[in-house]
Amino acid sequence: MTGPAGAIRVGVDIGGTFTDLQIYDGRVGRTVSHKTPTTPDDPSIGLVQGLKDAGQRFAFALADISHILHGTTIATNAVLQRKFPKGALITTRGFEDVLEIGRHARRDIYSVKPQRPDVLIPRNMRVGIAERMRANGTVETALNAAALDDLVATLGQQDIATVAVALLNAYVNPTHEQAIAARLARDLPALAVSISSDVSPEIREYERSNTTVLNALLMPVVKRYLDRLAARFREENIAARLLIVQSNGGVVSPATAAREPVRLLLSGPSGGALGARAIARTLRIPDLVGVDMGGTSFDVSVVRDDRIEIITQGEIDQLPVRVPMIEI
């Protein structure tokens, strides 16, 4: 079978049990599928092996692949299984307990012993720093060099891999968060740092703080995977452009995914929701319920009037996440 190089496009969905590939062969205008077991210790192994097996089965070379569209449950599974590296949270002094206070709404109103979601950062790793922004973005308490020196000294003594920074009213004026990030990058370069003004620059401290913490804890997890995948691509001479599916159904580059992995929390399920809409359109059924049952989670999406809804705040395992995502 002959044809131009770069005629192959591959969609990959890595689940808890299987890695599924959909291959579009532009040389003959057909779409085929291939399934291979997921390799949980390093999912990049299963992905590359799946590409190699599919190439042999459907007669294409790895060099012929022009694009790889990658949906993944790596971030989702890390949250559901609480497989996180150790991290710290930097907040305005006096707001160290925002994650525990949360919202006063009671989820299980009839439960005798209601269960609150786990706090992702323990109290001894939540550090208050002397600074404060007013609601209008003006400075009430300036962030000074001594406070930054103390912060670096405190974090330098901890065995942590990542830091979330969520300061009061930083969504209006991010300069203090940016100063902290710059200082940590200079003095503690091995730490992954996530600041709320980049990840979720919106009002409401609990949701913004929790989203930033999730992003920080996922940064080492997702970066480690993407680095391994890039290394395996180089070993196999795979030069395809890699695009990572986001929770909103769009795609981002690996660099953006590593920097803001909270965008990937519903990466795999959002692909299933888009597939449900595609089926609904093909069958001319305006209303459809899509079910995506994997090895770790069970996800349900709804197509209503030929549309799937995009929401700006969702939830995963009772934890609020304030980023755009398909309603699942």
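Modeller: Two strands pair if DSSP finds at least two bridges between them. Keep that rule in hand for β5 and β6.

Biologist: What makes β5 and β6 a pair?

Modeller: 4 bridges join β5 to β6. The rule asks for at least two, so they count as paired. The two strands run parallel. One facing couple is I90 and V127, the latter in β6.

Biologist: What kind of model is this, and how are residues numbered?

Modeller: This is a predicted model: local features need pLDDT of at least 70, side-chain atom pairs count only at pLDDT 80 or more, and totals for chains, interfaces and linings use all residues. Residues are numbered from 1 along each chain as its sequence is written, while side-chain values use heavy atoms and leave out hydrogens and water.

Biologist: What makes a stretch a strand or a helix here?

Modeller: Both are DSSP runs, numbered from the N terminus: helices are H or I with at least four residues, strands are E with at least two. Take helix α4, residues 145-156. Take strand β12, residues 251-252.

Biologist: How do you know that β5 and β9 pair?

Modeller: Count the bridges again. 5 bridges join β5 (residues 87-92) to β9 (residues 162-166). At least two are needed, so the pair stands. These strands also run parallel. L89 stands opposite A164 in β9.

Biologist: What order do the strands take in that parallel sheet?

Modeller: The order is β6-β5-β9-β10, and the sheet is open. Its 4 strands pair in the parallel sense.

Biologist: Why are β6 and β10 said to stand at the edges?

Modeller: β6 (126-129) and β10 (192-195) have a single partner strand each, so one side of each lacks a neighbour in the sheet. From one strand to the next, the twist averages 20°.

Biologist: Which strands does helix α5 touch, and at what angle to β10 does it run?

Modeller: Contact means heavy atoms within 4.5 Å. Helix α5 (residues 175-187) touches β5, β6, β9 and β10, and so packs on the sheet by that test. Its direction makes about 175° with that of β10. Such angles run from 0 to 180 degrees between N-to-C directions, with axes fitted to C-alpha atoms, for helices over the stretch in contact. Helix α7 (residues 205-235) packs on the sheet too, touching β5, β9 and β10. The direction of α7 makes about 160° with that of β9.

Biologist: Why is S209 called buried?

Modeller: Buried means under 20% relative accessible area, exposed means over 50%, and partly exposed lies in between (1.4 Å probe, protein chains only). S209 has 4%, which is under 20%, so the word is buried. S209 sits in helix α7. Not counting residues up to four places away in sequence, S209 touches V98, L99 and A166.

Biologist: Why does L151 count as buried?

Modeller: L151 has 4% relative accessibility, under the 20% limit, so L151 is buried. L151 lies in helix α4. Beyond its neighbours within four places in sequence, L151 is in contact with I90, V127, I129 and I180. L151 and L184 are 33 residues apart along the chain, and their C-alpha atoms are separated by 9.0 Å.

Biologist: Which residues of β6 point one way, and which the other?

Modeller: R126 and G128 point one way from β6. V127 and I129 point the other way. All are buried. In a regular strand the side chains alternate between the two faces of the sheet.

Biologist: Why is D306 called partly exposed?

Modeller: D306 has 29%, which falls between 20% and 50%, so D306 is partly exposed. D306 is in the loop between β14 (298-303) and β15 (310-311). Its phi is near 65°, a positive value in a residue other than glycine.

Biologist: Why does D317 count as partly exposed?

Modeller: D317 has 36%, again between the two limits, so the label is partly exposed. The loop between β16 (314-316) and β17 (319-321) holds D317. Phi of D317 is near 50°, positive in a residue other than glycine.

Biologist: Why is the pairing of the sheet of 6 strands in question here, and what is it called?

Modeller: The pairing is called mixed, in an open sheet ordered β3-β2-β1-β4-β11-β12. Strands of a sheet pair through backbone hydrogen bonds, either parallel or antiparallel. β1 and β2 pair in the antiparallel sense over 7 bridges. The bridge partner of R9 is Y24 in β2. The edge strands are β3 and β12, each pairing on one side only. Helix α1 (residues 43-58) lies across β1, β2, β3 and β4, at about 135° to β3.
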